[in-house]
Amino acid sequence: MKFLKLDEIDSTNNYMKKNIDKFSSYDIVSAKNQTSGRGRRGNTWVSSKGMALFSFLLKPDKKLDINEYTKLPLIAGIATLSAMKKIEENDYKYKWTNDIYLEEKKLSGILVEKVENDFVIGIGINVNNQIPEEIKDIAVSLKNKHDIDKVILTVVETFADYYNKFSSGEWLDILDEINKYNFLKNKKIKVNVGSEVYNGEALDINKDGRLAVKINNEIKYFNAGEIRIEKGFI
Ligand code: BTN
């Protein structure tokens, strides 16, 4: 396992994607800071020193089909949550599809990008950074100071354990664990699907990794591409 530690880069995901041929499965690139950190749906991930900012590569032994690789963000999410419990015991929640929350605020975000048959998994975690006053009601960092390299290695090793379980057919056990920490469960959410907006109540995540939402007494299932949960609503 290679662990490349950079001081500053635009984005560790960009770096790994550009140099993908130089990396093997579970090789890691970290940076103390990113100048153009990226989040999901084209959002910016504002990076600062003290965060764990890293990407690692997953090169599956065989080509994953869409039903398998759409579960990777969920697996990365529960692996990150489980790794955080090893680092500092707190009441973490898993926010579908792949954020980690603590005290109703975001602790970590994950961006999984497909490059041919491989996957670059980028993770940002608020570890030692101070949360700026303007976002104190939506973001949180860990209570104590931690060794960032150790946090990163723990997350990647824990992901490898979960991915091995997934590969040996234990998805439903992983899903049970995911649902145990489901942050959205029973919360009122606003769902945007294309130009339609629905108000509903989030339920469990189903075996396809989709979120069940009760809308007007009917249960609809959404995948990550279809749903947008409005900020400030939950
Ligand atoms: C999200 O919450 O939308 C996902 C955020 C992912 C941020 C991490 S930080 C390390 C890696 N490099 C990036 O540019 N993004 C990911």
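The exercises below, each with a worked solution, deal with a predicted model.

**Exercise 1. The residues around the ligand**

Find which residues come nearest to the ligand, and sort the shell around the ligand by residue class.

Solution. Start with the count: 20 residues surround the ligand. Of these, S11, Q34, R38, R40 and K106 come nearest. Next, sort the shell by class: six residues are nonpolar, 10 are polar and four are charged.

**Exercise 2. Where the shell comes from**

State which helices and strands each supply at least two residues of the shell, and which one gives the most.

Solution. One helix belongs to the set, α1 (12-18). The strands in the set are β3 (52-58), β6 (105-115) and β7 (118-125). Then look for the main contributor: β6 gives the most, with four residues.

**Exercise 3. Polar atoms and cover**

Give the distances from ligand atoms to polar side-chain atoms of S11, T12 and Q34, then find how much of the ligand the protein covers.

Solution. Take the ligand oxygen first: an oxygen atom of the ligand is 2.7 Å from a side-chain N or O atom of S11. For nitrogen there are two cases. In T12, a side-chain N or O atom is 3.2 Å from a nitrogen atom of the ligand. In Q34, a polar side-chain atom lies 2.9 Å from a ligand nitrogen. Last comes the cover: on its own the ligand has 420 Å² of accessible area, and the protein covers 97% of this.

**Exercise 4. Two helix pairs**

Describe how helix α3 crosses α5 and how α3 crosses α4.

Solution. Two packed helices are described by the angle between their axes and the distance between the axes. Begin with α3 (residues 72-87) and α5 (residues 171-180), whose axes come within 10 Å and cross at roughly 60°. The two helices are therefore oblique to each other. The handedness follows as a separate step: α3 passes α5 in a left-handed crossing.

Now take α3 and α4 (residues 148-167): the axes come within 8 Å and cross at roughly 130°. This angle makes α3 oblique to α4. The crossing of α3 and α4 is right-handed.

**Exercise 5. Two backbone exceptions**

Locate T97 and E116 and describe the backbone at each.

Solution. Recall the usual case: most residues other than glycine have a negative phi, and most peptide bonds are trans. The peptide bond from W96 to T97 is cis, with omega near 5°. T97 is found in the loop between β4 (92-95) and β5 (99-102). E116 is not a glycine, yet its phi is positive, at about 55°. E116 lies in the loop between β6 and β7.

Methods:
Residues are numbered from 1 along each chain as its sequence is written. This is a predicted model: local features need pLDDT of at least 70, side-chain atom pairs count only at pLDDT 80 or more; totals for chains, interfaces and linings use all residues. Side-chain values use heavy atoms; hydrogens and water are left out. A residue is near a molecule or strand if one of its heavy atoms lies within 4 Å of it. A polar contact is a pair of N or O atoms within 3.5 Å; within protein, one must be able to donate a hydrogen and the other to accept it, and residues adjacent in sequence count only if both atoms are side-chain atoms. Accessible areas come from the Shrake-Rupley method with a 1.4 Å probe; for residues, only the protein chains shown count as cover. Ala, Val, Leu, Ile, Met, Phe, Trp, Tyr, Cys and Pro count as nonpolar, Asp, Glu, Lys and Arg as charged, and the others, Gly among them, as polar. Axes are lines fitted to C-alpha atoms, for helices over the stretch in contact, and angles run from 0 to 180 degrees between N-to-C directions. Angles under 35 degrees count as roughly parallel, over 145 as roughly antiparallel, 65 to 115 as roughly perpendicular and the rest as oblique. A crossing is left-handed if the near helix is turned anticlockwise from the far one by less than a right angle, and right-handed if clockwise.
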